[in-house]
Amino acid sequence: MSNMHRIHWFDQQIREGKYPNSRLLAEEFEISTRQAQRDIEYLEISLRAPLTYVAKKRGYCYKDKTFLLPLLYMTEEEKRVLNYLAHRYRSYDYENSSSVRRVAHLLGRFTDEQLESTRLPVFNVSPQVLRFFELLTHAVRDSLIVQILYRGEEGEIFFIGCPLQLLSKYSADYVRINCIEQQTDVELRLDRIKHLKVTEEKVEMITPSYLYGNADALRIRSKPFQAQMVFRQPIACNTWYGYPAHEIEDRTYRIDFYEAELFLQDLMIHMTEWQELSSPKWLRTKLRSRCESIMEQLDLTNAHSTDTLKE
């Protein structure tokens, strides 16, 4: 549910003289009080509502009763384009990347804020790529098998498999899929896909390339694993590198994931962004084991270097 729906409810409560506050807003829509307070700040700052807090009533009213919320209408096509651009900006990892990711957050909330000092990268939004992006997002979410006719370097190739993740790199969009016949993971550029069909068949079992030879094949679950994590900064757009993020309290989130190995890789790559992995215990054990293995390897490398210098 968008924050504008909550803001319209809050506005109506004020007009009915009910003096709403962040607690009432949070209870009505089952969100955190922090999120509710952000909605109120958005109403006051971005929409310039003449809000005033009445301590006696423990709620808000309008200083100017003639204030009206602006009419915010957006077509479905415009929403799809903004959703795609938010995805691209979240994945941008070059010059001014922190500011660009902030724009992704603003796009996600449909605000009218602007960054005057930052020149944003321009992405060409192809209608066909946008359509493929939407179809693959649906397939990744529901673990559906796809059929892809792909224009490769040496001609057309036909792939059947389960899409695992949507990626953006080198100013292009990719999808990583686990191919059933080839029994490997491949990354395909969306702008080279000639035809895409999402089937109704769900994947029961897939084995990514890094697990071949391992009996612990990765099973696609009907329900995701859940990790509780504390981050150093609040997460924008309710996702963390493509993983759904549900705020529990200030900087504490529940992260949903299906593939433990891929999630472990992202935990290690982006370790500077999170502060604590609270649960589950089995994931903490895996991560600790992985880190200890790396430290042992570094110690062996250091010992070998010292012996070489002595010689």
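User: What makes the contact between K18 and E16 a salt bridge in this predicted model?

Analyst: In this predicted model, the closest N and O atoms of K18 and E16 are 3.0 Å apart, and a salt bridge requires a side-chain nitrogen of Lys or Arg within 4 Å of a carboxyl oxygen of Asp or Glu. The pair therefore meets the criterion, since 3.0 Å is within 4 Å.

User: Why are K18 and E16 called partly exposed?

Analyst: The class of partly exposed lies between buried, which is under 20% relative accessible area, and exposed, which is over 50%. K18 has a relative accessible area of 47% and E16 is at 41%, so each of these residues falls in that middle class.

User: How do you know that D191 and R189 form a salt bridge, and what exposure class do they have?

Analyst: The closest N and O atoms of D191 and R189 are 2.6 Å apart, which is within the 4 Å allowed for a salt bridge, so the pair qualifies. D191 counts as partly exposed because its relative accessibility is 36%, and R189 is likewise in the partly exposed class because its relative accessible area is 24%. Elsewhere, salt bridges that share partners join R34, R38, E247 and D250 into one network.

User: How many salt bridges does the whole structure have, and which parts of the chain does the pair of D39 and R6 link?

Analyst: A search of the whole structure finds 13 salt bridges. The side chains of D39 and R6 meet in a salt bridge with an N to O distance of 2.5 Å, and this pair links distant parts of the chain, with D39 in helix α3 and R6 in helix α1, 33 residues apart. Both D39 and R6 are buried, which means that each has under 20% relative accessible area.

User: Why is α2 called roughly perpendicular to α3?

Analyst: The axes of helix α2, residues 22-29, and helix α3, residues 33-46, come within 8 Å and cross at roughly 115°. The roughly perpendicular class runs from 65 to 115 degrees, so α2 is described as roughly perpendicular to α3. As for its handedness, α2 passes α3 in a right-handed crossing.

User: What makes α1 oblique to α2?

Analyst: Helices α1 and α2 pack at an angle of about 125°, with their axes 11 Å apart. An angle is oblique when it is not under 35 degrees, not over 145 and not from 65 to 115, and the angle of about 125° therefore makes α1 oblique to α2. The crossing in which α1 passes α2 is right-handed.

User: Where does R15 lie, and why is it called partly exposed?

Analyst: R15 lies in helix α1, which covers residues 3-15, and it counts as partly exposed because its relative accessibility is 36%. The C-alpha atoms of R15 and C61 are separated by 7.9 Å, although these two residues are 46 residues apart along the chain.

User: How do you know that helix α7 is mostly covered?

Analyst: Seven of the 10 residues of helix α7, residues 260-269, are buried, and buried means under 20% relative accessible area. The buried residues of α7 are A260, E261, L262, F263, L264, D266 and L267.

User: What makes M295 a candidate for the nonpolar surface patch?

Analyst: M295 is at 47% relative accessibility and so counts as partly exposed, while patch residues need over 30% relative accessible area, a condition that 47% meets. M295 is found in helix α8, residues 281-310, and together with I294 and L298 it makes a nonpolar surface patch of about 280 Å².

User: What is noted about the backbone at R58 and S143, and are these residues buried or exposed?

Analyst: Most residues other than glycine have a negative phi. Phi of R58 is near 55°, a positive value, and phi of S143 is also near 55°. R58, in the loop between β1 and β2, is exposed because its relative accessible area of 62% is over 50%, whereas S143, in the loop between α6 and β3, is buried because its 8% is under 20%.

User: Which peptide bond is cis, and where is its proline placed?

Analyst: A cis peptide bond joins S279 and P280, with omega at about 5°, and P280 has its place in the loop between β14 and α8.

Conventions
Residues are numbered from 1 along each chain as its sequence is written. This is a predicted model: local features need pLDDT of at least 70, side-chain atom pairs count only at pLDDT 80 or more; totals for chains, interfaces and linings use all residues. Side-chain values use heavy atoms; hydrogens and water are left out. Patches are made of residues with over 30% relative accessible area and no salt bridge: like charges are joined within 9 Å, nonpolar side chains (Val, Leu, Ile, Met, Phe, Trp, Tyr) within 5 Å. Accessible areas come from the Shrake-Rupley method with a 1.4 Å probe; for residues, only the protein chains shown count as cover. Helices (H or I, at least four residues) and strands (E, at least two) are DSSP runs, numbered from the N terminus. Buried means under 20% relative accessible area, exposed over 50%, partly exposed in between (1.4 Å probe, protein chains only). Axes are lines fitted to C-alpha atoms, for helices over the stretch in contact, and angles run from 0 to 180 degrees between N-to-C directions. A crossing is left-handed if the near helix is turned anticlockwise from the far one by less than a right angle, and right-handed if clockwise.
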